[in-house]
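Here are a few exercises to work through with the model open in your viewer. Try each one before you read its solution.

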Amino acid sequence: MTLTPSTIAAVPLTARPLRCRNCGADHAAAPVAVCEQCLGPLDPVYEPDRALPDRTTIARRAPSLWRYREWLPFDGDPVWSRDTGFTPLVEAPALARRLGVARAWVKNDTVCHPSLSFKDRVVAAGINAAAALGLDTIGCASTGNLANAVAAHAARAGLKAWIFIPEELEAGKVIGTSIYGPRLVRVRGTYDDVNRLCAQVADRFGWGMVNVNLRGYYGEGSKTVAYEIAEQLGWRVPTAVVAPMAGGSLLSKLRKGFGEFLEARLVDGRPPRLYGAQASGCAPIVRLVERGGDAIEPEVPRTICRSLAIGNPADGVYAARAMRETGGWAAAVSDAELVAGIRLLAEEVGVFAETAGGVTAAAALALARSGRLGPDDEVVLCITGHGLKTLEAVQGAVAEAPVVAPRLREVAALVEQ
Ligand SMILES: Cc1ncc(COP(=O)(O)O)c(C=O)c1O
Ligand SMILES: [Zn+2]
């Protein structure tokens with residue numbers, strides 16, 4: 001279905017109103033980036049006494065992120081991207097041994113549908129906000145995975161897409177976006193330059209830039225990672241969760257998601273300790289956690305982990321707060337460590353992750369070494385994007401395959417080596 005003025009009017013979906021996280025000012029549902037009073041971030045307002053489903057009701061619903069629709073910022077049925085989410089939670093005993101913890105799992109968003117990263121979740125929320133608000137063009141500022149996701153979801157919906165990325169990204173991110181036929185624009189500059197430009201673009205053209213003027217809706221999609229982890233563990237929470245950070249939205253929404261399920265009594269116990277991971281060449285949120293205080297010091301990124309290369313993260317302060325207040329911490333790892341992390345996940349878990357997954361695995365090892373994860377812990381690693389998107393990172397790190405003639409004795413020679 002293509003949104004035209006007549007079909008927009010027929011969309012059976014409305015977006016929830018918004019409230020400023022800092023000053024509490026209320027805003028009607030709209031494509032608006034920040035609070036008009038204080039420039040603070042906006043969150044959707046939910047009806048506190050709305051009917052909530054129990055475990056059995058949720059478990060009977062289709063396996064997508066919409067099974068938790070009462071905690072997503074809409075009234076009515078989603079129009080687009082109804083099949084995104086509900087990725088596997090993979091138990092990883094070999095990883096648990098390497099970390100020295102009781103049990104470990106990988107939340108495997110490398111197979112999120114349709115574009116192989118957790119960004120499909122936030123775009124599923126963002127594109128439905130666009131539908132509810134009557135917008136026929138969506139877009140984003142992206143470090144790569146969000147570009148892939150916006151392009152794929154827009155193509156399926158028949159919406160126009162304008163996507164802005166830094167000039168230098170991996171081929172998998174660029175081609176894996178262009179293939180869907182959006183307008184893709186490479187900007188000479190860092191992600192932070194791209195993001196500033198997109199704020200102006202959203203104002204000038206009135207498009208729905210999912211992580212700019214639809215950000216209040218978009219961010220809520222990340223909470224579904226927490227809901228799925230809780231449900232897939234048999235309606236309980238792990239003791240610790242390790243997740244990658246770029247803008248810091250996923251990390252802060254994990255806290256909100258676990259908090260909401262605890263509040264709804266769908267799970268019991270304490271919220272998990274949240275641990276954030278970044279590459280040391282771009283670690284402004286890790287440095288804030290280590291330093292203390294309440295202000296990000298922006299950095300110029302220097303790392304092969306381009307997906308996490310945000311020097312001035314919009315939700316960095318909230319992510320740091322989520323880590324401190326749950327008793328967690330943060331860790332930064334070198335590019336060499338992140339490549340080793342990608343190999344570890346592949347060899348020990350059978351999951352091929354992009355650079356952000358390598359950062360997360362390597363950070364978990366560092367946190368275990370420093371005693372922040374211990375023998376009683378049940379740990380979930382959020383592995384958020386597929387490794388085929390960043391082949392450049394591991395090209396030099398894998399063994400070269402021998403070439404043989406189609407003769408048994410040449411294989412026998414290899415076996416005997
Ligand atoms: C693969 C991957 N993981 C994690 C993140 C971090 O997301 P957030 O910006 O919500 O911190 C990103 C962001 O681009 C990403 O591409
Ligand atoms: Zn405000």
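**Exercise 1.** Find out which domains contribute at least three residues each to the shell around ligand 1, and describe that shell.

*Solution.* Keep in mind that this is a predicted model. Start with the domains: both domain 1 (5–64 + 118–218) and domain 2 (89–115 + 222–396) put at least three residues into the shell around ligand 1. Next, look at the residues themselves. Ligand 1 is surrounded by 18 residues, and Asn145, Gly247, Ser249, Thr384 and Gly385 are the closest. Two elements, α5 (145–157) and α10 (249–263), give two or more residues to this shell. Finally, sort the shell by class: you get seven nonpolar, nine polar and two charged residues.

**Exercise 2.** Describe how domain 1 and domain 2 touch: how many residues of each are in contact?

*Solution.* First, get the spacing. Taken over C-alpha atoms, the domain centres are 22 Å apart. Then count the contacts: 22 residues on the domain 1 side meet 29 residues of domain 2. Now ask which elements of domain 1 do the touching. At least two residues apiece come from α2 (55–60), α4 (119–132), α5, α6 (171–178) and α7 (191–205). By class, this side of domain 1 holds eight nonpolar, seven polar and seven charged residues. Notice that α5 turns up here and also in the ligand 1 shell.

**Exercise 3.** Work out whether helices α13 and α14 pack roughly parallel or roughly perpendicular.

*Solution.* Two numbers do the job: packed helices are described by the angle between their axes and the distance between those axes. For α13 (residues 335–349) and α14 (residues 355–369), the angle is about 90 degrees and the axes lie 7 Å apart. The pair is therefore roughly perpendicular, as angles of 65 to 115 degrees count that way. Now pick out the contact residues. On the α13 side they are Glu337, Leu338, Val339, Ala340, Gly341, Ile342, Leu344 and Leu345. Across from them in α14 sit Thr355, Gly357, Gly358, Val359, Ala361 and Ala362. Sorted by class, the contact has nine nonpolar, four polar and one charged residues.

**Exercise 4.** Say which residues of α12 are buried and what covers them.

*Solution.* In α12 (residues 316–325), the buried set is Gly316, Tyr318, Ala319, Ala320, Ala322 and Met323. Then look at the cover, which includes α10, β13 (273–279), α11 (284–291) and β14 (330–333). One more backbone detail: just after α12, Gly327 has a positive phi of about 85 degrees.

**Exercise 5.** Track down the unusual backbone spots in the loop between β7 and α4, then decide whether Leu116 is buried or exposed.

*Solution.* Walk along the loop between β7 (103–108) and α4, where you'll find Pro114. The peptide bond joining His113 to Pro114 is cis, with omega about 5 degrees. Leu116 is in this loop too, and its phi is positive, near 65 degrees, although the residue isn't a glycine. For burial, count neighbours: Leu116 has 24 C-beta neighbours inside 10 Å, so it counts as buried, the cut-off being 20 or more.

**Exercise 6.** Do the same for Trp235: where is it, and what is its phi?

*Solution.* Trp235 belongs to the loop between α9 (223–232) and β12 (240–244). Its phi is positive at about 60 degrees, again in a residue that is not a glycine. The neighbour count inside 10 Å is 14 C-beta atoms, so Trp235 counts as partly exposed.

Methods
Residues numbered from 1 in each chain as written. Chains lettered and ligands numbered in written order. Predicted model: local features only at pLDDT ≥ 70, side-chain atom pairs only at ≥ 80, totals over all residues. Axes fitted to C-alpha atoms, helices over the stretch in contact; angles between N-to-C directions. Helix = DSSP H or I, 4+ residues; strand = E, 2+ residues; numbered from the N terminus. Parallel < 35°, antiparallel > 145°, perpendicular 65-115°, else oblique. Contact = placed C-beta atoms within 7 Å. Nonpolar A, V, L, I, M, F, W, Y, C, P; charged D, E, K, R; others polar. Near = placed C-beta within 6 Å. Domains from an automatic or database assignment. Buried ≥ 20, exposed ≤ 12 C-beta atoms within 10 Å, placed from the backbone.
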